[in-house]
Amino acid sequence: MIDEKEGKIWAIGGGKGGTGKTFITSSIGTYLAKNRRRVVLIDVDIGGANLHSFLGINRPKKSLTNFFDMGTPLKNLAVKTGIGNLSLISGDIHSLSSDSIKFTQKLKLFRHIMKLNRQYVIIDLGGGSHNNTIDTFLIADKMIAVVEPEIIAVENMYHFIKNALFRKLRMSLKEYGFKEIIDHMWERREKYRIKNLRELIDCLKDSFSYIGDILDNEISDFTIYLILNKIRSSQDIFIGSSLKSILLKYLGINAKFVGYIEYDDSIWRSVRERRPFMLNYSLSRSAKEIEAFTENLIQGKELKLMRS
Amino acid sequence: MSRKENKKYFEILELSADASTLEIKSSYLRLRKLYSTDSIAISPIADEFSEKSRREILRQIDEAYAKLMVMLKDEQRKSKYHHKSLDSGKVSKREEKEEELKFSGQVLRQIRKKMGIHLYEVALDTKIRIELLNEIELEKFNSLPHEAYLRGHISNYAKYLSLDSEKVADDYMERYCAWKGGDKEEPE
Ligand SMILES: Nc1ncnc2c1ncn2[C@@H]1O[C@H](COP(=O)(O)OP(=O)(O)OP(=O)(O)O)[C@@H](O)[C@H]1O
Ligand SMILES: [Mg+2]
């Protein structure tokens, strides 16, 4: 494994619930740790924290609750997982929804995440496209979206990624003092005959040439890494490259399709047996698939569809 | 035009500039299929985009493919010329034959193999007999069923490989009809 210089913070999201985000977070973490990387996993699925179950350990006593309610520094909340080099910061189960987190608390959490002293910080996001979820996704060096070959999951994924880009553009325009423009245009999109994000961007560029460069830079920096989970045939793999193509050609968003995992019953069995999948079934085909896309993520490469 | 100058077209076909002929072909057929039919990848977002933008994407894909085909023919001619000057005019038979740029049984076979798909998988999923699939790939025109059925099979097989079935079937049937009208000698 040769690591790219960048890519320290990885966030795993994608919109729809139950696509396998938490399972994938735990598996990537286990694989990196087994390969001598110092890794911390953070469960920020507020209200639905269950990452510990995929690692086969009990719910840690310390959690983000301590951070939010008592101001405990984030780094003091990391607990051992029983796997060398791998620790876990457990999610909050006391707050019912992520709406309840205040803006200043959120920024403080982001600052603490960025200061964690590990080679890899992997963030497991909850389902949905809530602003807090998306903002957490955006702090990552690698934004990873998990999707299933199924129409609702695909729809939610597009929604999630469009929202992510919209919020990112909004944030950067805010830095330059232009936040009102993007909000103004989007709110009056009927009047401006704007149907989608792509047209909003084009319209902004046409109307305000000075922000064109800002937008272009932000968009070309924005890359989504796609993982397709629960595929049921080798044909399904091509859905991954279709999604990537549509993101690019319709939305102008760069995406890399890094890999897939087949539907495998031993995955939930492994949770029931309370053993990390990557240790318990390390020789299975799905474990190999996870290793392959983790390597692609490390190196910033795409899945090669055609063998050479 | 060199590969570097054609960078834009490689990008439209979502390829790197060192892509092989086969990669160019299969990427072209895959993208044509994606933007000309409905699928779970496109339908959730389709209503945000007009028919016009879909057609524009298809036009760009066609244009990119046409340009790259010209480039490939150019490359072939140059390498032939190169060999000629080296071997004092002797050109091997293989090189003399312009590389087939249409979609033939052989191309289907190559694409399938590159994708790592076994013939039996295709047979199981398309319900086309494995022997027939093999004969289609090898263009054993003598053993193939009547035209009307044949076209359907070719098109199903192309769809299975996520390729534009119309294009593949048109090209294939053209070869079939040429054989039928000609001296009935099967290609080796
Ligand atoms: N490739 C797979 N094959 C079979 N089952 C899988 C696969 N991937 C995940 N699962 C199962 O799907 C269920 C949901 O997985 P997981 O909890 O990781 O999803 P999630 O995206 O984190 O959900 P949420 O949005 O609720 O947080 C689990 O029971 C898991 O064991
Ligand atoms: Mg989860």
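Buried area is the accessible area (1.4 Å probe) that two parts lose on being put together, summed over both. The structure is a predicted model, in which local features need pLDDT of at least 70 and side-chain atom pairs count only at pLDDT 80 or more, while totals for chains, interfaces and linings use all residues. Residues are numbered from 1 along each chain as its sequence is written, chains are lettered from A and ligands numbered from 1 in the order in which they are written, and side-chain values use heavy atoms, with hydrogens and water left out.

**Exercise 1. Describe how the two domains of chain A meet.**

Step 1. Set the bounds, which come from an automatic or database domain assignment. Domain 1 of chain A comprises 8-150 + 223-299, and domain 2 comprises 166-217.

Step 2. Locate the centres. Taken over C-alpha atoms, the centres of domain 1 of chain A and domain 2 of chain A are separated by 31 Å.

Step 3. Count the contacts (heavy atoms within 4.5 Å). Seven residues of domain 1 of chain A are in contact with four residues of domain 2 of chain A.

Step 4. State the area. Between them, domain 1 of chain A and domain 2 of chain A bury about 540 Å², with 60% given by carbon and sulfur atoms. On the side of domain 1 of chain A, 56% of the area buried against domain 2 of chain A is supplied by A:Asp135, A:Leu138 and A:Leu251, more than by any other three residues.

**Exercise 2. Carry out the analysis for the domains of chain B.**

Step 1. Chain B is split into domain 1 (7-89) and domain 2 (101-181). The centres of these two domains of chain B, over C-alpha atoms, lie 21 Å apart.

Step 2. On each side, 13 residues take part in the contact between domain 1 of chain B and domain 2 of chain B.

Step 3. The two domains of chain B bury about 1,300 Å² between them, and 75% of this is on carbon and sulfur atoms. B:Leu22, B:Leu29 and B:Lys33 supply 47% of the area that domain 1 of chain B buries against domain 2 of chain B, more than any other three residues.

**Exercise 3. Characterise the interface between chain A and chain B.**

Step 1. Contacts join 28 residues of chain A to 31 residues of chain B.

Step 2. The area buried between chain A and chain B is about 2,700 Å², and carbon and sulfur atoms give 62% of it. Within chain A, the residues losing the most area to chain B are A:Lys249, A:Tyr250 and A:Met306, together 30% of what that side buries.

**Exercise 4. Place A:Pro149 in its surroundings.**

Step 1. A:Pro149 sits in the loop between β6 (142-147) and α6 (151-175) of chain A; helices (H or I, at least four residues) and strands (E, at least two) are DSSP runs, numbered from the N terminus.

Step 2. Leaving out residues up to four places away in sequence, A:Pro149 touches residues including A:Leu228, A:Asn229, A:Lys230 and B:Ile40.

Step 3. From A:Pro149 to A:Ile237 there are 88 residues in sequence, and 8.6 Å in space, C-alpha to C-alpha.

**Exercise 5. Identify the polar contacts of ligand 1.**

Step 1. Apply the criterion: a polar contact is a pair of N or O atoms within 3.5 Å; within protein, one must be able to donate a hydrogen and the other to accept it, and residues adjacent in sequence count only if both atoms are side-chain atoms.

Step 2. A polar backbone atom of A:Gly20 is 2.9 Å from an oxygen atom of ligand 1. A nitrogen atom of ligand 1 lies 2.9 Å from a backbone N or O atom of A:Asp264.
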